[in-house]
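Open the model in your viewer and show side chains as sticks. This tour goes from one charged pair to the next.

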Amino acid sequence: MSKEQLYESNKLIAEFMEIKIVARNGEDAVYMSESSAFPEYFRLTEYNRYHESMDLLMPVVEKIINDDTELPKGFKVLIDGNSYTIRFNSFVFIVKSESIMRAIYKAVLKYIDLEQNNKLW
């Protein structure tokens with residue numbers, strides 16, 4: 001993915017996570033909650049690096065799993081070389097990737113795309 005594609009993908013995930021994105025000084029930014037030590041705006045590309053951090057990515061996976069559905073809940077990854085089968089509840093994605101983190105990242109993006117286009121149900 002190009003730097004621009006990563007930026008847009010991370011922005012998509014941030015919006016899915018209900019992080020408020022605002023324009024500030026001509027750039028997208030996120031506002032940290034008032035409970036944070038130093039509430040202020042951060043550039044989105046510096047704050048949300050879902051493609052680089054399992055610590056940021058796993059809460060996204062948890063939100064997908066805990067979605068208000070009546071489906072059996074679960075998360076599973078099967079690895080076959082550089083092919084990963086990733087299951088969120090009853091949704092299965094087959095992804096080619098160089099790492100498990102990148103595969104989960106791609107599956108998250110596919111899930112969000114389906115949800116936004118009302119193709120999950």
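## Stops along the salt bridges

Select R102 to begin: at 22% relative accessibility, R102 is partly exposed. The model is a predicted one. Now add E98 to the selection. The two side chains meet in a salt bridge, 3.3 Å from N to O. E98 counts as exposed, at 61% relative accessibility. The two partners fall into separate classes because exposed begins over 50%, and partly exposed sits between that and the 20% limit for buried.

How many salt bridges does the structure hold? The count is three.

Next, select R49 and E52. Their side chains form a salt bridge, at 3.0 Å from N to O. Colour the pair by accessibility. R49 is partly exposed, with a relative accessible area of 33%. E52 is partly exposed too, with 46%.

Last stop: select E18 and K63. Their closest N and O atoms are 3.3 Å apart, in a salt bridge. Which parts does this pair tie together? Show the backbone as a cartoon and trace it from each partner. E18 lies in the loop between α1 (3-16) and β1 (21-24), while K63 lies in helix α3 (residues 54-65), so the salt bridge links parts that are 45 residues apart in sequence. Switch on the surface to finish. E18 is exposed, with a relative accessible area of 66%. K63 is partly exposed, at 27%.

Technical notes: Residues numbered from 1 in each chain as written. Predicted model: local features only at pLDDT ≥ 70, side-chain atom pairs only at ≥ 80, totals over all residues. Heavy atoms only, no water. Salt bridge = Lys/Arg side-chain N within 4 Å of Asp/Glu carboxyl O. Helix = DSSP H or I, 4+ residues; strand = E, 2+ residues; numbered from the N terminus. Buried < 20%, exposed > 50% of the residue type's maximum accessible area, 1.4 Å probe, protein only.
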